[in-house]
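Q: I am new to this structure and should be grateful for a close look at one part of it. Please take a single residue as the starting point and describe what surrounds it.

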Amino acid sequence: QVQLVESGGGLVQSGGSLRLSCVASRTGFTIDRLGWYRQAPGKQRELVAQLRGDSTNNVVTSMDGRFTVSGDYAKGIIYLQMNSLKPEDTATYYCNAVARRFGRSQLIDYWGQGTQVTVSS
């Protein structure tokens, strides 16, 4: 299976910055997409940023231009640089991979356990 490990969350004051990291193990799998989602208490999980096999096809949600996604897709690594953080950014941030076993077409979702980001005001 694909295993995802996130790190970099923490407590930060409004206006501060954090850099999230995710490393995906992928032996025997092809990863089609690698991304970040977040979920605040009582709200739906939402896409934050996503990398695909083609660097020209990467996706980053607006977030007022404060977030930047980067990584090495071939190595299963993704980062999320978050600047000018606001209290409304408080959430659990999850790494997600959409992957296929070699020689198979079925897509499978894998999720990390999440890293908590708390922004105080």
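A: The model is a predicted one, and Y93 offers a suitable place to begin. Neighbours within four places in sequence being left aside, Y93 is in contact with E6, L20, W36, Y37, R38, V48, F67, L80, M82, G114, T115 and V117.

Several of these names return when the nonpolar core is considered. The largest nonpolar core holds 29 residues, and Y93 is among the members that touch the most other members, together with L4, L34, W36, L80 and M82. At least two residues of this core come from each of the strands β3 (18–25), β4 (29–39), β5 (46–52), β7 (67–72), β8 (77–82), β9 (91–101) and β11 (115–120). Strand β9 gives the largest share, with 5 residues.

Two of the contacts of Y93, F67 and M82, lead on to a sheet. F67 stands opposite M82, which lies in β8. The strands β7 and β8 pair in the antiparallel sense, and 6 bridges join them. Both belong to an open sheet of 4 strands, whose order is β1-β3-β8-β7 and whose pairing is antiparallel. At the edges of this sheet are β1 (3–7) and β7, each of which pairs on one side only. On average, and with direction ignored, neighbouring strands of the sheet are turned by 15° against each other.

Strand β3 of this sheet also contains S21. This residue has a relative accessibility of 19%, and because buried means under 20%, S21 counts as buried. Apart from neighbours within four places in sequence, S21 is in contact with V5, E6, S7, W36, I78 and Y79. Of these, E6 and W36 are also in contact with Y93.

A further residue, T118, lies in strand β11. T118 has a relative accessibility of 29% and therefore counts as partly exposed, the class between under 20% and over 50%. Residues up to four places away in sequence not being counted, T118 touches G10, L11, V12 and T90. The side chain of T118 also makes a polar contact with the side chain of Q116, at 3.4 Å. As for V98, this residue is 20 residues from T118 in sequence, and their C-alpha atoms are 27 Å apart in space.

To return to the starting point, Y93 is one of the core members that touch the most other members, and its contacts include F67 and M82, which stand opposite each other.

Conventions: Residues are numbered from 1 along each chain as its sequence is written. This is a predicted model: local features need pLDDT of at least 70, side-chain atom pairs count only at pLDDT 80 or more; totals for chains, interfaces and linings use all residues. Side-chain values use heavy atoms; hydrogens and water are left out. A nonpolar core is a set of buried Ala, Val, Leu, Ile, Met, Phe, Trp, Tyr and Cys residues joined through side-chain atoms within 4.5 Å. Buried means under 20% relative accessible area, exposed over 50%, partly exposed in between (1.4 Å probe, protein chains only). Contact means heavy atoms within 4.5 Å. A polar contact is a pair of N or O atoms within 3.5 Å; within protein, one must be able to donate a hydrogen and the other to accept it, and residues adjacent in sequence count only if both atoms are side-chain atoms. Two strands pair if DSSP finds at least two bridges between them. Axes are lines fitted to C-alpha atoms, for helices over the stretch in contact, and angles run from 0 to 180 degrees between N-to-C directions.
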